[in-house]
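Could you walk me through this model in the viewer, one selection at a time? I'd like to know what to click on and what I should see there.

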Amino acid sequence: MQVFVTEKALKNRISFLKKKGLSIGFVPTMGALHAGHMQLIKASKRKCDITVCSVFVNPTQFNNKEDLIKYPRTIEKDKQMLKENDVDIVFFPTKEVIYPEGMDLNVDIDLEGLDELWEGEFRPGHFKGVVQVVKRLLDLVSPEYLFMGQKDFQQFTIVNMMLKKMQIDTELVVVPIHREKSGLAMSSRNVRLTVEYRRKALVLSRMLKYVKNNYSFENINSLEDYVLKQIKKEGLRPEYFKIVEGKYLKEVSSVNEDSVIAIVAAWAGKIRLIDNIIIK
Ligand code: AMP
């Protein structure tokens, strides 16, 4: 496994590998790696000759200062995990490498309102930061394939829109949500959950499953109301729970659309959790 920190070293290596005709798969992360991230690595290794993983806690996508400060950082453990999973290249850039002074890295595209809904509403500016960092990383790595998790449904939907609108020659591969045995969606933030909230948080995956099993029998609005009540009853503070169509994430009143998903965000104490399930 090769570890790079600078733009020049990374680019040199990648252009060498590309000249040899090898395909590149890219897995961007913010570190504090877990088995969910490893599913992305495995998917890349199956599809591509070379797998590149970046670890960078991107400050521009944090709307909450405390969340950025407290975001778990486990660099040595991450390196170990990436090595055990046979990653070819790890990129550990500093803030200065990603955002060099004087470089204009604004990505000015119309996200057709997708960035203002749900996560965008509760985390203003978040997706502007996501799009900015993903574009910058894609410029550095120029992969054939980009691997992202279904866990961040709105994020991959927006990144896919960016790839299309900017005609970036990279194909997005979405990897299903990896869960703990309990049903809890794996997340770097889970390590900050208290034992009690880790148990209470199970209401999210339980309710998503319930909705998948019952959407065809019940009225959508009453189903949403019921779920919100159950989440509150468990002591979590929901921000949204919605059944939406899968393309622009607009609310639906029936599940006649081609693709329908249920999305949820809730606070478990001081930790904000998101989860989703594909209904059809
Ligand atoms: P993060 O480090 O949280 O920014 O996540 C990096 C990538 O891993 C994103 O594409 C996430 O959607 C994905 N990811 C995070 N958690 C999971 C999970 N439980 N299952 C699958 N992918 C995940």
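Start at the ligand and select M30: one of its backbone N or O atoms sits 2.9 Å from an oxygen atom of the ligand. Keep in mind throughout the tour that this is a predicted model.

Stay with the ligand and add D152, where a polar side-chain atom lies 2.6 Å from a ligand oxygen atom. Next, pick M186; here a backbone N or O atom is 2.9 Å from a nitrogen atom of the ligand. To widen the view, show the 17 residues around the ligand. Which of them come nearest? They are M30, G149, D152, H178 and M186.

Now hide the ligand and colour helix α7, residues 126-141, together with helix α8, residues 153-165. These two pack at an angle of about 55°, and their axes are 10 Å apart. That angle makes α7 oblique to α8. Look at how they cross: α7 passes α8 in a right-handed crossing. For the contact itself, show F127, V130, V131, V134, K135 and L138 on α7, which meet Q154, Q155, I158, V159, M162 and L163 on α8. By class, this α7 and α8 contact has nine nonpolar residues, two polar and one charged.

Keep α7 on screen and bring in helix α1, residues 7-19. The angle between α1 and α7 is again about 55°, with the axes 8 Å apart. So α1 is oblique to α7. Which residues meet here? Select E7, L10, K11, I14 and K18 in α1, then R136, D139, L140 and V141 in α7. Colouring by class shows four nonpolar residues, no polar ones and five charged in the contact of α1 with α7.

For the last stop, select helix α10, residues 202-214, and helix α11, residues 220-233. Their packing angle is about 160°, and the axes are 10 Å apart. The two helices are therefore roughly antiparallel to each other. As you rotate the view, note that α10 passes α11 in a right-handed crossing. On the α10 side, the contact is made by V203, L204, M207, Y210 and V211. On the α11 side, pick L223, Y226, V227, Q230 and I231. How many residues of each class are in the contact of α10 with α11? Nine are nonpolar and one is polar, with no charged residues.

Definitions and conventions. Residues numbered from 1 in each chain as written. Predicted model: local features only at pLDDT ≥ 70, side-chain atom pairs only at ≥ 80, totals over all residues. Heavy atoms only, no water. Axes fitted to C-alpha atoms, helices over the stretch in contact; angles between N-to-C directions. Helix = DSSP H or I, 4+ residues; strand = E, 2+ residues; numbered from the N terminus. Parallel < 35°, antiparallel > 145°, perpendicular 65-115°, else oblique. Left-handed = near helix turned anticlockwise from the far one by under 90°. Contact = heavy atoms within 4.5 Å. Nonpolar A, V, L, I, M, F, W, Y, C, P; charged D, E, K, R; others polar. Near = heavy atom within 4 Å. Polar contact = N/O pair within 3.5 Å; in protein donor to acceptor, adjacent residues only side chain to side chain.
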